Amino acid sequence: MTLLKITDLSAGYGPLRVLHEINLTVERGERLAIVGLNGHGKTTLFRAITHLVGWQRGSILFDGVEIGGQRSLGEGRKTPGIVRLGVAMTPQGDAIFPGLTVRQHLDCGAWSKQAWRERARRREAIFDLFPPLRKLENTTVGTLSGGERRMVSVGRALMTEARLYLIDEPSLGLAPVISQRVIAALREIDVKDGAIIIAEQNVTLLDGQVDRMIGMHAGRLRGDVGHVELG
Ligand SMILES: Nc1ncnc2c1ncn2[C@@H]1O[C@H](COP(=O)(O)OP(=O)(O)OP(=O)(O)O)[C@@H](O)[C@H]1O
């Protein structure tokens, strides 16, 4: 039932070591949150899974396939292959193309042949998940509010056929009520035999919205945190 098994993962940038021997197992169907303050390595963990860090070592088994291993060069070289295996990431902040419409933007996510064929149905599913986007379908993304842009950004990742969704700080810069709406929508996603990992600082926001929360501090995972605030 295991989808992702990370063993002794260390990673960093140049001389800087950010992750220290991380061990993490994610089961199919699981919604997991990695919680921790800024700069403690949540983004770097996502970037190591997708091979976007400067260097890394340790094992990352995704659905039984080794996507980790020792690397000191070639950042991003393996990323297309990892994405093709079914890993989708929504990066932190507003990673959008401001000149595209909502519809064009979502369609960018339907990059595989099958997803492209099914893009209309997939778009409908995104509009069901984020109703405010439906009436904005032909609006240029650059003119949207922060919350709407975040919905587009998350929606684009969901247009693929991924089995592992990595959502980095969905609440960043959003008003609390909008953050709650985005997190609640993530709860509605049918992960099927996949899984979703959300990196967040705001523990309260995740209450009741994920199956498990793990703390991250100074590049190390600190076990299940439940409702405990991180120091
Ligand atoms: N490209 C990079 N080059 C050098 N150092 C980096 C780079 N990206 C991140 N770092 C450093 O790695 C450490 C961990 O950053 P990371 O972004 O993984 O943390 P985070 O927990 O996701 O926090 P944030 O919410 O700010 O992204 C920080 O000290 C940061 O300065």
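Student: Which residues come nearest the ligand?
Tutor: Let's start with the surroundings in this predicted model. The ligand has 13 residues around it. Those that come nearest are Tyr13, Asn38, Lys42, Thr43 and Thr44.

Student: Which element gives the most to the shell around the ligand?
Tutor: Good thing to ask next! Both β2 and α1 supply at least two residues each. The top contributor gives 3 residues, and that element is α1.

Student: How many residues of the shell around the ligand are polar?
Tutor: Sorting the shell by class helps here. There are 3 nonpolar and 2 charged residues in the shell. The polar residues number 8.

Student: In what order do the 4 strands of the open sheet lie?
Tutor: The pairing in this sheet is antiparallel. At its edges are β2 (16–27) and β5 (65–66), each pairing on one side only. Helix α1 (residues 42–49) packs on the sheet, where α1 touches β1, β2 and β4. Read across, the order is β2-β1-β4-β5.

Student: Which residue in β4 is the bridge partner of Gly12?
Tutor: Strand β1 covers residues 2–13 and β4 covers residues 55–62. The two run antiparallel and are joined by 7 bridges. For Gly12, the partner in β4 is Trp55.

Student: What is the radius of gyration of the chain, and why does it count as compact as a globular protein of that length?
Tutor: Stepping back, the chain has 8 helices and 10 strands. For 231 residues the globule rule gives 17 Å, and the chain's value is close to that, so the chain is as compact as a globular protein of that length. Its radius of gyration is 17 Å.

How values were computed:
Residues are numbered from 1 along each chain as its sequence is written. This is a predicted model: local features need pLDDT of at least 70, side-chain atom pairs count only at pLDDT 80 or more; totals for chains, interfaces and linings use all residues. Two strands pair if DSSP finds at least two bridges between them. Two residues are in contact if their C-beta atoms, placed from the backbone, lie within 7 Å. Axes are lines fitted to C-alpha atoms, for helices over the stretch in contact, and angles run from 0 to 180 degrees between N-to-C directions. A residue is near a molecule or strand if its C-beta atom, placed from the backbone, lies within 6 Å of it. Ala, Val, Leu, Ile, Met, Phe, Trp, Tyr, Cys and Pro count as nonpolar, Asp, Glu, Lys and Arg as charged, and the others, Gly among them, as polar. The radius of gyration is taken over C-alpha atoms; the globule rule is 2.2 Å times the number of residues to the power 0.38.
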